[in-house]
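Hi,

Here is the structure I promised to pass on. Have a look at it first, and my notes on what turned up follow below.

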Amino acid sequence: IHKNTNKKDDQTRKIQENINNVEKHFGEMCQMFAGYVRKTARLRDKADMLVKEIGVYADLETPNLKRGMKEFADHLAKVEDYRQAEVERLEARVIEPLKSYGAIVKRKREDLKTTQSARNREAKQMAQLDRTRQRNPSDRQIISQAESELQRATMDATRITRQLEETIDEFERQKIRDIKKIFGDFVTVEMAFHAKALEVFTLAYQSIQNVDEEEDLEVFRSSLHPPDYPSRLDIVRANSKTSLDRTGSFLGTSGTFQLQVCWTLRSHQTTVETDTPCNLIYWDQ
């Protein structure tokens, strides 16, 4: 009997250790996965802000670049829609199942506690029988009564232990299945997101690479020299032409007057030789 009791105690410690490991590591994995999901959600929020900023700046750019940036932002926003779906699926398929193990472990601890109480009663009855035999070795009635109580306690402990073994066996089986499903769902959700994201990122890359640089450069250059705004060279040319036109007009209308002035000067210069050159003199009219 004592040997069997020790075996049951070893079994109880093993079950207790298994439950403790599940409680500890499932809790830690739940926290780690939850942190992973929170960081993914924060990345989604940052990307949404980036999409908004790209759209604001695109409105200030040349037509082709504006269109390319708008399309790029739209594709990036679509990626973040997929990321939102990723977050929701991870919460439902990974976080919640892991969280549920808190209640499962609690029930298994109660089952283990019930089994341990039954075994304690068995051990107590066993000790009582030993004391009875020592104190009243010849009193068969008292010894028989103690043996009956021990038998009932042993049967009760055996039944509860068998139930615990079945429960723990199912718990272990379900734990393995759940780990396979949770980890498999995690990978499936991530693969689905990255596959969709790769597809949309490809379109985003193409949309920004298809921007016509030369056409936008022409638009930019035209904005520096609008058609209704004359260049400095045009202004200089126009002013030069106006000056020449005015000079030519003045010469054409006062040519005779200039010659008369020159002749008058010659007639009054009696001390000067007749071949002295005559310089043109202009008066403002």
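**What I found**

UniProt, in an unreviewed entry, puts a "coiled-coil region" at residues 143-170. Keep in mind that this is a predicted model. In the model, the span 143-170 is 100% helix and 0% strand, and its end C-alpha atoms are 40 Å apart.

That fits the overall picture: the protein has 5 helices and 0 strands, so to speak α-α-α-α-α when you read along the sequence. Of its 285 residues, 27% count as buried. If you take the contacts between residues at least 6 apart in sequence, 81% of them join residues at least 24 apart.

**The core**

Which residues touch the most other members of the largest nonpolar core? They are Val94, Ile95 and Leu98, in a core of 24 residues. Helix H1 (2-58), helix H2 (63-135) and helix H3 (140-209) are the elements that each give two or more residues to this core. Leu98 is a good place to start clicking: leaving out residues up to four places away in sequence, Leu98 touches Phe26, Met29, Cys30, Phe33 and Ile182. There is also another core, apart from the largest one, with 6 residues that include Val51, Ile54, Ala73 and Leu76.

**Aromatic rings**

Searching the whole structure gives 5 aromatic pairs. One of the pairs is Tyr101 with Phe171, and this pair is tilted, with 6.4 Å from centre to centre and 55° between the planes. Tyr101 belongs to helix H2 and Phe171 to helix H3, so the pair ties together parts that are 70 residues apart in sequence. Are these two residues buried or exposed? Tyr101 is buried, because its relative accessible area is 3%, and Phe171 is buried too, at 4% relative accessibility. Elsewhere in the search, ring pairs link Phe33, Tyr36, Phe183 and Phe186 into a cluster. You have met Phe33 already, as one of the residues that Leu98 touches.

**Three residues on helix H2**

Arg119 is one to look at. Arg119 sits in helix H2, and with 4% relative accessibility this arginine counts as buried, since the cut-off is under 20%. What does the side chain of Arg119 make a polar contact with? The partner is the side chain of Thr161, at 3.1 Å. Setting aside neighbours within four places in sequence, the residues in contact with Arg119 are Lys8, Asp9, Gln11, Thr12, Ala157 and Thr161.

Tyr82 is in helix H2 as well. At 25% relative accessibility Tyr82 counts as partly exposed, because that value falls between the 20% and 50% cut-offs. Not counting residues up to four places away in sequence, Tyr82 touches Phe193, Lys196 and Val200. From Tyr82 to His194 the distance is 8.9 Å, C-alpha to C-alpha, though the two are 112 residues apart in sequence.

His75 is the third, again in helix H2. Beyond the neighbours within four places in sequence, His75 is in contact with Val200, Leu203, Ala204 and Ser207. So Val200 turns up in the contacts of both Tyr82 and His75. For His75 and Ser207, the C-alpha atoms are separated by 9.0 Å, with their positions 132 residues apart along the chain.

**Helix H4**

How far apart are the end C-alpha atoms of helix H4 (residues 213-224)? They are 17 Å apart, and that agrees with the 16 Å that 12 residues should span at 1.5 Å a residue. At the start of H4, Asp212 has a side-chain oxygen within 3.2 Å of the backbone nitrogen of Glu214.

That's what I have for now. Shout if anything is unclear once you have the model open.

Cheers

Conventions
Residues are numbered from 1 along each chain as its sequence is written. This is a predicted model: local features need pLDDT of at least 70, side-chain atom pairs count only at pLDDT 80 or more; totals for chains, interfaces and linings use all residues. Side-chain values use heavy atoms; hydrogens and water are left out. A nonpolar core is a set of buried Ala, Val, Leu, Ile, Met, Phe, Trp, Tyr and Cys residues joined through side-chain atoms within 4.5 Å. Buried means under 20% relative accessible area, exposed over 50%, partly exposed in between (1.4 Å probe, protein chains only). Helices (H or I, at least four residues) and strands (E, at least two) are DSSP runs, numbered from the N terminus. Contact means heavy atoms within 4.5 Å. The expected span of a helix is 1.5 Å times one less than its number of residues. A polar contact is a pair of N or O atoms within 3.5 Å; within protein, one must be able to donate a hydrogen and the other to accept it, and residues adjacent in sequence count only if both atoms are side-chain atoms. Rings of Phe, Tyr and Trp (its six-membered ring) pair if their centres lie within 6.5 Å; planes under 30 degrees apart count as stacked, over 60 as edge-to-face and the rest as tilted. UniProt positions are given in the numbering used here, feature names are shortened, and annotations may be inferred rather than shown by experiment.
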